[in-house]
Structures are given as C-alpha cells and as structure tokens.
Amino acid sequence: MSARLIALGIAFVALVSVPYWMPGDYYINVASQILFYAIFALGLNVLVGYAGLVSLGHAGLFGIAAYATAYMLQIGYGHSAAIVVALIVGIASMAVFAVLSLRSTGIGFIMITLALGEILWGLAYRWISLTGGDNGINVRLRPAPFGFSLTSPNTFYYTTLVIFLLSVAAMTVFVRSPFGASLMGTRDQPRRMNALGYHVWMIRFYACLVSGLLTAVSGILFVYYTQFISPQTLALTSSAEVLLMVISGGAGTLLGPMVGAALVVVVKTVVSGFLERWNFLLGAIFVAIVILMPEGLVPGSARLWRLAWRKMNAPAKAPAPEGKP
Amino acid sequence: MSALTVTGLCKAFGGLRVTSNVDLNVEPGERRLIIGPNGAGKTTLFNLITGEISPDKGSIHLFGQDITKTPSRRRPHLGMARTYQIITLFARDTIIHNVSLALLGLSPARWNPLIDIKHQGHLIEHGRAALERVGLAHLAERPLAQTSYGERRRVEIAMALAQNPKVLLLDEPFAGLSIDERADVKQLLLAIPRDVTIVMIEHNMDVALEFAERITLLHFGEVILEGTRAEVVADPRTREVYLGH
C-alpha cells in the first residue's frame, strides 16, 4: 500500500515538473497530447473496460464536442459559452448514441456505434455550411481563464494536467462506488443482475453518459490544443486508435488507458519524426502486446512482475528443506 | 391469500408448447416441489414466474398483487428471489462481493457513483450474515474462482437469502452435489424460517421428497398431478411419467 503511495507521489511530481525536465516546447506539447488522449481513453474505458461494451464510434463524439466548441467561437460566442455548449452537445450526442446502440450488446453494439460514428464523420464532411467541410474550422485563440492565458505550451500543459488529474480522481471514485460495482456486474452477468433487481439498461445508459462527458472534455481540450478541427478527427481510424489505447494498456484498469494513450501518442508524434514507417512499428507493438500480454500492458506487466518475483525468491527458499534433519 | 398464484399460464416457442395452461397455488410458508422429466417445462415455468420471459396467456399474482406485466427487475423488490440451475455468479469477485451485489440490488445506493462500496458497512454485515446461514462465512474474502462447485451452489442460495425474499424459487439446488454436500444444503434449506415460501425444482427425489409438503408434477408443459407428498408418490401417474415405467 505504501509502495503504491510512493509510486503515485513520484508520478505526480514527474507530471508537475514536466516543463522543467522536458527538452523543449515540442515535448511539453506531446505531454499535453498524452494527457488529453488519456482522458479520452479513460472515457472509452468506462464502456469497454467496465461495461463490457466496445464502441467504435467514439471519435465521432470526441469530434462533435470539438466542432461544437469551434463553431460557437466562430459565430462569436465566448469561451465559457462554447465549452458549456460543447459539453452539452457531447453528452446529448452520447445519449442518442446510447439509446440507439444499447438495443444490443457485443457485435451489435460495435456495429451500431461504428455506423453512428461514420454518420457524424459524413456530416462533418458534407454539412459544409456548418463545419466548413474539408477545410475544417480554425480556432484563433485559446481561452484565458482568470487572466491566465493558455497560449504558451506550459500554461496549456498545466491546465490539461489539472483537468486530467480531476478526471483520474473522478474515475477512481467511480470504479469503487456501488454504481461502479453495479456496472461491472452488468458486464459479467447481465441476466443475474436483472434477476437481482438492477435496471441493466439504465445502468449502461448512465455509464454511457459518464463516458460521453469524459470524451467531450477531451474533445474540447483537443480543439484548443490544435486550434483546428476537420473531419479527419472523426474518422474510423481515430476511433480504432483510442480503442487500441484502452486495450493495449489494459481495459478495465485505471492506469491501463493512460499508459496506452502515452504509448500511442509517443509513437505517433515522437517516433514518427525518426521513423517513416511508424505505423508499422505501432502495429508490431500491438501484435507483441497481444501475444505476450493479451490482458494489456498494465495487468500484463503486473503478472510478469509477480512471476519474476516468485522466481527470484524460489531459489533462496529451495535449500531450506535440505537443512531439515 | 396465497403467496404465489399462477393462473392459466401458457407459453409457446414457435409450435412447441412449453407451458400449457398451468395453474399453481402456493400458500404462504409452503414448501412446494415441482417435478417432471427433462423438458417438462420446469425451468421455463420459473422463468415465466420471475418474468425473464413473458407469457402468451395467463396471469401471475404475488400475495394478491398482479405481477404479470411487472418487469422482471422489479420482482426482487416485491419479495421474489431465485437461484439458477446453471450457476450464474460473478467469477472475478470474492464471495462476499457476490452476496453484497445481491443486497445492493435492493438498495437505492446501487445508483450512487460517489461513495466507496467498501465503506458500506451494512452491505458487508448483512452479506456476512447471509454467508453465515449457508456456512460460508469463513470463506467470505475468497475469490469465487477459487471455490468448489458445492460452495458456489451455496453462494447461489446465500445471494437469494440475502435479499430476504418472501417467495424463494430454487432451481435444482442439489444439482451436481456430492452426497455430503447434499446433506449440508438440505440442512440449510430446512433452517429457512416459515415466513419464506419456497418453490423448488428438483430431480433428486431422495433429498427433495423429504423437504416437500406438496408436489406438482409437470409433463410436456402441463400439470399432470398435484397433491400432498404421499398422494403424488402413491399415484401411478408419477411412476408412469416421472420414473418412466
């Protein structure tokens, strides 16, 4: 327990001090990206990991929140109004997604969310008067809450970090709560949960809303980070990417999606600078994860660690029986 | 007033009539045994009573209240609990967590995302009490994956008992148990107080007969015979239908 506290403390100090030890603005921006993608992955993990519902349409929800922010700013509203509207639009879209896709689970759920995500992508691409089509929408300015301008990489990083830490704290409370237990129960034994008096559909619906909230938050951070949104963000590849973050890190764990987000963002941004075929590398990493630790990097490493620990301690104990008379 | 009344219940899957005009009247505190050969529609009848499938015709009353149209998830709140023939538990969790989920199902706290479930003392306390009744309190913290089949059968029963039901439906509680385990389960079923009405499906006649006061014999979805234990056992139709000779 105390080892865990020490690890958390080190992680916290490392995150807070990022601008001091990172070798430049570029890397601080990469850190910001990791954090808001981690929020996105945490949001998807609510469904994939804790509800057992795999969504392939989450990039659509991420994108719709980003578009809502950009559009509100474009037509002249302030940042607070844009953010509030984006949150509402994001959650409301998730609610519509949920009502349509919760008619089924498993493959059915995947396919309906995939189709809905594609519809949003198509709308972003074709509804030119609203979205600017292929040209997308530019966001000229980042907000400056309480006169604290988010223009520099450092200030944006710290803002993202605060929101990230809040999201992690909220998820930590969520998974330990009775509602979290109910949700995981519907993942493992929906029929039994129903027979025990739980409203399985409604539990899944609320979980979708929680997922939608985190997804919208990350979408808003994304659009302020890139200061640009185009249909590409809503494409199926983006949905698959965040799903890979969740699965590679470890679905149904708190740390897994964050590790997965860090992995994907680092390979996509940093490694792609050195390696033209970075997609190949990412693919190879995923194949290795699937073969070596199919449960994901975080639970898989924990398993290997325990195994190594036992092996290390085994020879020390082995001579003991010989010493007996 | 009867604890459970089933009137003219019908259910067909395509052309197959699995439940056909079933009438059942169980008095409060009664121990009712439902027997019948494989495919007689016993588990289907349970699924109809608990609402997991809806009947084509007929009605179901629980203590006089018509629950035919009540969603199955509401029925535990009205005092109905069941166990499954095929063990349906939460394999990743501990025994106490399984029982806690049964308790949480009836508590409004199940919607709360902001409190720590580990600090919900009453869940743990009542869960332990339910485990005490089935003799598993000492294994409360054990992951379900590390328990034996017989222990899981008892966890099933503990979860149903934890909900403090007025009507308890047991679907083959002795299935797959060793002779010793059967004796244990029988003892714990006999210890259930009389304010709980019990309807039980069971194949294993030697343990079940002793337990039952009245017996209903199902065959091809129909009630062939109903009566006291002595009447049903003595009836030639029981031999013919159930024992097959």
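This is a conversation about the contact between chains A and B and about one sheet of chain B.

Mentor: The model is predicted, so that local features need pLDDT of at least 70 and side-chain atom pairs count only at pLDDT 80 or more, while totals for chains, interfaces and linings use all residues. Residues are numbered from 1 along each chain as its sequence is written, and chains are lettered from A and ligands numbered from 1 in the order in which they are written.

Trainee: What makes a residue part of the contact, and how many residues does each chain give?

Mentor: Two residues are in contact if their C-beta atoms, placed from the backbone, lie within 7 Å; the contact takes 20 residues from chain A and 26 residues from chain B.

Trainee: Which element supplies the largest share of the side of chain A that touches chain B?

Mentor: That is α9(A), with 7 residues, where helices are DSSP runs (H or I, at least four residues) and strands likewise (E, at least two), numbered from the N terminus.

Trainee: Why are β7 and β8 of chain B called paired?

Mentor: Two strands pair if DSSP finds at least two bridges between them; β7 (residues 167–171) and β8 (residues 197–201) of chain B have 5 bridges, in the parallel sense, and therefore count as paired. Within this pair, B:Leu168 stands opposite B:Ile198 in β8(B).

Trainee: What makes β6 and β10 of chain B edge strands?

Mentor: In the open sheet of chain B, 6 strands follow the order β6-β7-β8-β3-β9-β10 with mixed pairing, and β6 (80–82) and β10 (222–228) of chain B each pair on one side only.
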